[in-house]
Amino acid sequence: MQLFKNLNKSFINGEWLDGKSGRIYEITDPFDNTVITTVNLANLEQIKDAFEMAKNAQKKWGKTTPEQRREVLVKAKEYFEKNKKEILDLITRETGGTILKSNQEFIGMMDNVLSAIKMVDEIYVPKDYTSVIPDKISRVYKIPLGVITSITPFNSPLVLGIRTIFPAIALGNSVVHKPDIQTGLTGGSIIAKALEEGGLFPGVFNMILTDMQESGDEFLTNNNSPFISFTGSSAVGKHIGKIAGEQLKQVALELGGNNPFVVLSDADVDRAVDIGIYSKFRNNGQVCACSNRIIVHQDIYDEFVTKYVERVKGLKVGDPKDPDTIIGPVINERQADKIMGFIEQAKQDGLKLAVEGQRKGNIISPFVFIDVPNDSSLAYTELFGPVAQIIPAETDEEAIRLANDTEFGLSASIITSDLEKGERLAFEIESGMTHINDNSALNEAHVPFGGVKQSGIGRFGYEWLVEEFTYTKWVTVQTKNYQYPF
């Protein structure tokens, strides 16, 4: 971790620069609140400079060969591999993620890197079309968009940064990236250092360590960028969508989720419990696609609740640096306060507790509410913490109806012994992704990831990002004279 501790600066036009705002931010360990490093926050002028540099650099980068782009990304990949131990340590320290979570994030990050490396061949490749006009060559090309704005959250900062940044660069774009300052090293500095070591042209990737007080809406309104890639809350996503709409900017918005975990009447209960525990409590529930509402058919409800509660009570809570820990700290005191507020409101609403956890600093041991009405305030809330809620359903059909009774539509799980029925019901759930007999937070770089309703617009994933980060250009060549009608 010492390797990155001193990379506490913004990276603009190939240089590591202290921020000029005059304000300091302390990046702390969520487990014990010790200071990892301090950052001089960048100011508005530096942000504007970064966009200008990115625009100028993209003109040259967009004309590079696939081999040149591939070489940079492969060298960056090798940097990640060489420094894996330091990276894993930093993920654990800065995000509060367990050792298991840190390893999973590294694996997911590398999956996205390898996928991006393959994208270098996707631009400027002609696709020929026939023409009704004689002697005409008609071709369509994918062309780099220009400057991609990237804004990412705290929960999985490395993989969520890489999944935008590397594809964008592979496709000949430049990037201005704002990681969540709470995880600025993992979500920004590591990526910048890897690309610097890879030999990336100055200005193609710019990473800004700052906060909203300094930036305002500059990352959204800057005229040098036609595209905003954002992962975060639905409230902020709506704000971005409004501004982007006014400026006719394109967006990829991966937002909140109130994801159902539907256990049908024919499910293997033990298997359902195994999947349900993991799908709810990975990264302490701080996953946009994790299972937020567990909906169980009444025929197996009591058995499921008994076994689920027993398993939850056995989850190890504590220091994320302990390899046996499953539940570590949430990201900060404010988030812990917010989660405890949801819990207190649920108690006041008379909801039944089967497991009552406790808070110690930023660590919240698991809570489990049972017999939860789907129209309760708890069931309508994206909890983003280690709080499970189990909702009974009288029939499989009602379970699907309850699953859809939310403004969100990111991901879902269906647990059943009838695979054909499970796949059929997957189409009945209003979500961008549905997984049969698996957790709801699956993410692979070559398939589409994204939601419907209030969970976002656009998709991440290989061919979908190729579409997002390029524009389509039609070029024709008239090879012989054509006789016009007048």
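**Exercise 1. Cysteine 290**

How far is the sulfur of cysteine 290 from the closest cysteine sulfur, and in which residue does that sulfur lie? Decide what this says about a bond.

Solution. This is a predicted model, in which local features need pLDDT of at least 70, side-chain atom pairs count only at pLDDT 80 or more, and totals for chains, interfaces and linings use all residues. Residues are numbered from 1 along each chain as its sequence is written, and side-chain values use heavy atoms, with hydrogens and water left out.

Step 1. A disulfide is a pair of cysteine sulfur atoms within 2.5 Å.
Step 2. The closest cysteine sulfur to that of cysteine 290 belongs to cysteine 288 and is 8.2 Å away, so it is too far for a bond.
Step 3. Under this rule the model has zero disulfides.
Step 4. Buried means under 20% relative accessible area, exposed over 50%, and partly exposed in between (1.4 Å probe, protein chains only). Cysteine 290 is buried at 4%, and cysteine 288 also counts as buried, at 13%.

**Exercise 2. The whole protein**

Describe the overall dimensions and make-up of the protein.

Solution.
Step 1. Count the elements: there are 16 helices and 24 strands. Helices (H or I, at least four residues) and strands (E, at least two) are DSSP runs, numbered from the N terminus.
Step 2. The radius of gyration, taken over C-alpha atoms, is set against the globule rule, 2.2 Å times the number of residues to the power 0.38. The protein has a radius of 24 Å, close to the 23 Å that the rule gives for 486 residues, so it is as compact as a globular protein of that length.
Step 3. Along the principal axes, the C-alpha atoms fill a box of roughly 80 × 60 × 40 Å.
Step 4. Of the 486 residues, 57% count as buried.

**Exercise 3. The seven-strand sheet**

Give the strand order of this sheet, and find its edges and the helices packed on it.

Solution.
Step 1. Two strands pair if DSSP finds at least two bridges between them. The open sheet has the order E14-E17-E18-E13-E12-E20-E21, with mixed pairing.
Step 2. E14 (352-355) and E21 (433-436) stand at the edges; each has a single partner strand, so one side of each lacks a neighbour in the sheet.
Step 3. Inside the sheet, E12 (residues 259-263) and E20 (residues 411-415) are parallel and joined over three bridges. Valine 263 stands opposite isoleucine 415 in E20.
Step 4. Contact means heavy atoms within 4.5 Å. Helix H11 (residues 269-281) packs on the sheet and touches E12, E13, E18 and E20, its direction making about 170 degrees with that of E12. Helix H14 (residues 396-404) also packs there, touching E12, E13 and E18, at about 165 degrees to the direction of E13. For these angles, axes are lines fitted to C-alpha atoms, for helices over the stretch in contact, and angles run from 0 to 180 degrees between N-to-C directions.

**Exercise 4. Two glycines**

Locate glycine 96 and glycine 232, and relate their positions.

Solution.
Step 1. Glycine 96 comes just after H4 and takes a positive phi of about 80 degrees.
Step 2. Glycine 232 lies in the loop between strand E10 (227-231) and helix H10 (234-247). Glycine 232 is partly exposed, at 21% relative accessible area.
Step 3. Apart from neighbours within four places in sequence, glycine 232 contacts Glu254, Leu255 and Gly256.
Step 4. The two glycines are 136 residues apart in sequence and 18 Å apart in space, C-alpha to C-alpha.
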